[in-house]
Amino acid sequence: MKELAGRLTALDPDAGAAVRVIAYFDRLSESRAGLEALVRGAAVLAGVPARLVDAERRVRVRVESDGTRRDSGDPPDPGWPSAALVPGGAAALWLERAEAAPSVVDAVILERAAGAVRLVLDRTRGRAPVEDPALVETVLDAGAPEAARVHAARGLGLDPGGTARALAPLDGRPLVMTGRVDAETLTGRTGTGRVGVGPEVPVLDLPSSWAQARTALRFTAEGTAQDPGPRVVHADELGGVALLADLVAPGAEAPPDVRALEAAGASTPWLLATLDAVVSTASLRAAAAEINVHHSTLQDRLSHAEHLLGWPLRTPQGRLRLQLALTMRHLTRS
């Protein structure tokens with residue numbers, strides 16, 4: 001490739017530069033470079049800042065021509081040269097070149113970088129969730145004939161021989177998504193902070209992923225001071241804790257420890273968030289940092305909480321009991 005680029009440069013400098021650009025992004029793709037590295041490559045090669053904007057997936061990356069990342073919330077100038085990540089899509093890679101018309105080399109940079117970025121996003125952030133309600137309902141229905149589910153999967157653009165996962169938003173329609181899922185993407189896509197995420201399974205096993213997504217949803221919380229906890233829960237990260245969902249029915253009378261938590265939380269506004277930090281961090285110092293209080297203040301709070309709850313919170317057994325109580329609190333209110 002280097003020899004070809006050298007020969008082409010002697011005949012046509014733009015052609016030689018284009019070949020070097022192609023080889024550069026091929027190497028980045030082969031090494032599974034991330035988004036920032038790809039945008040940096042576009043900026044350095046073009047000699048102007050480059051930015052990636054994918055509002056739907058909440059991705060914004062901007063890199064200066066010297067390779068320094070410096071993100072900006074300002075919208076791209078429509079006059080800048082750009083390449084959409086998918087034909088007709090809004091997500092695009094931009095070169096901040098306004099003083100002159102884009103060159104042949106700019107066009108090659110944009111085309112190769114955008115293609116590499118698209119592959120990274122599909123691999124790490126998942127494709128857009130499929131939202132046709134009737135087809136999604138069919139593909140998630142364990143009682144639907146297999147032929148009907150295969151037909152629905154194809155209608156949704158899913159490969160019946162591939163894999164996907166089901167999502168259960170608290171106040172929205174069920175979704176199907178391919179690829180990896182992260183919390184920020186889910187919040188932006190579903191319009192709600194609470195989402196249960198099923199495991200990735202063969203497409204024809206999506207009903208099982210949907211069942212597990214609904215179970216995971218029961219373990220979510222609003223993430224507020226009065227309802228602390230994770231807003232997005234992945235079913236395949238619950239392990240044996242998922243068995244609690246079979247033992248604690250939604251709306252059933254709360255166990256004694258949960259009733260103690262509710263009473264203590266009602267009289268002490270900081271209590272629930274403090275206790276959640278204690279069970280979700282590696283140490284008491286980490287818990288104090290999480291809720292932005294001094295370590296001694298946390299110790300005072302725990303002493304007060306132990307008095308209200310009636311059991312120790314600074315022993316392994318006490319922390320386990322507290323974690324189970326907080327978890328059952330989510331399950332009883334679902």
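I began my notebook at A144, which is found in the loop between helix 5 (133–139) and helix 6 (146–155); helices (H or I, at least four residues) and strands (E, at least two) are DSSP runs, numbered from the N terminus. The model I am reading is predicted, so local features need pLDDT of at least 70 and side-chain atom pairs count only at pLDDT 80 or more, while totals for chains, interfaces and linings use all residues. I also noted that residues are numbered from 1 along each chain as its sequence is written, and that side-chain values use heavy atoms, with hydrogens and water left out.

**Entry on A144**

I asked myself whether A144 is buried or exposed. A144 is buried, because its relative accessible area is 13%, and buried means under 20%, exposed over 50% and partly exposed in between (1.4 Å probe, protein chains only). Leaving aside neighbours within four places in sequence, I found A144 in contact with T138 and R149, where contact means heavy atoms within 4.5 Å. I then looked up the C-alpha atoms of A144 and P207, which are separated by 9.7 Å although the two residues are 63 residues apart along the chain.

**Entry on helix 8**

P207 took me to helix 8, since P207 is listed among the buried residues of that helix, together with L206, S209, W210, A213, A216, L217 and R218. Helix 8 (residues 206–218) has 13 residues and should span 18 Å at 1.5 Å a residue, and the 19 Å between its end C-alpha atoms agrees with this; the expected span is 1.5 Å times one less than the number of residues.

**Entry on helix 3 and its surroundings**

Helix 3 (residues 35–46) has 12 residues and reaches 17 Å from its first C-alpha to its last, close to the 16 Å expected. Its buried residues are L35, L38, V39, G41, A42, A43 and A46. Just after helix 3, I found that G47 takes a positive phi of about 80°. I followed A46 to A107, and the C-alpha atoms of these two residues, 61 residues apart along the chain, are separated by 9.9 Å. A107 lies in helix 4 (residues 104–124) and is partly exposed, with a relative accessible area of 44%.

**Entry on positive phi outside glycine**

Which loop holds R32? R32 is placed in the loop between helix 2 (13–30) and helix 3, and its phi is near 55°, a positive value in a residue other than glycine. R32 is exposed, with a relative accessible area of 55%. I looked up N292 as well, which sits in the loop between helix 12 (284–290) and helix 13 (295–309), has a phi near 60°, and is exposed, with a relative accessible area of 70%.

**Entry on the aromatic pair**

A pair of aromatic rings is described by the distance of the centres and the angle of the planes. Rings of Phe, Tyr and Trp (its six-membered ring) pair if their centres lie within 6.5 Å, and planes under 30 degrees apart count as stacked, over 60 as edge-to-face and the rest as tilted. By this rule I count 1 aromatic pair. Y24 and F25 form this edge-to-face pair, at 5.3 Å centre to centre and with 85° between the planes. Y24 is partly exposed, with a relative accessible area of 26%, whereas F25 counts as buried at 1%.

**Entry on empty space**

On a 1 Å grid over the protein atoms alone, a cavity is a set of points where a 1.4 Å probe fits but cannot get out, a pocket is an open set with protein on both sides within 12 Å along at least five of seven lines, and lining residues have an atom within 4 Å of a point. Grid points are joined across faces, edges and corners, and a volume is the space filled by probe spheres set on the points.

The largest pocket has a volume of about 440 Å³. Of the 19 residues that line this pocket, the closest to its centre are F219, P230, V241, Q323 and T327. Helix 14 gives the largest share of the lining, 6 residues.

I also found 1 cavity of 30 Å³ or more, with about 40 Å³ of space in the largest cavity. Its lining residues are R51, L52, V53, R60, V61, R62, D71 and S72.

**Entry on the whole chain**

I closed with the protein chain, which has 14 helices and 9 strands, and in which buried residues make up 47% of the 334 residues.
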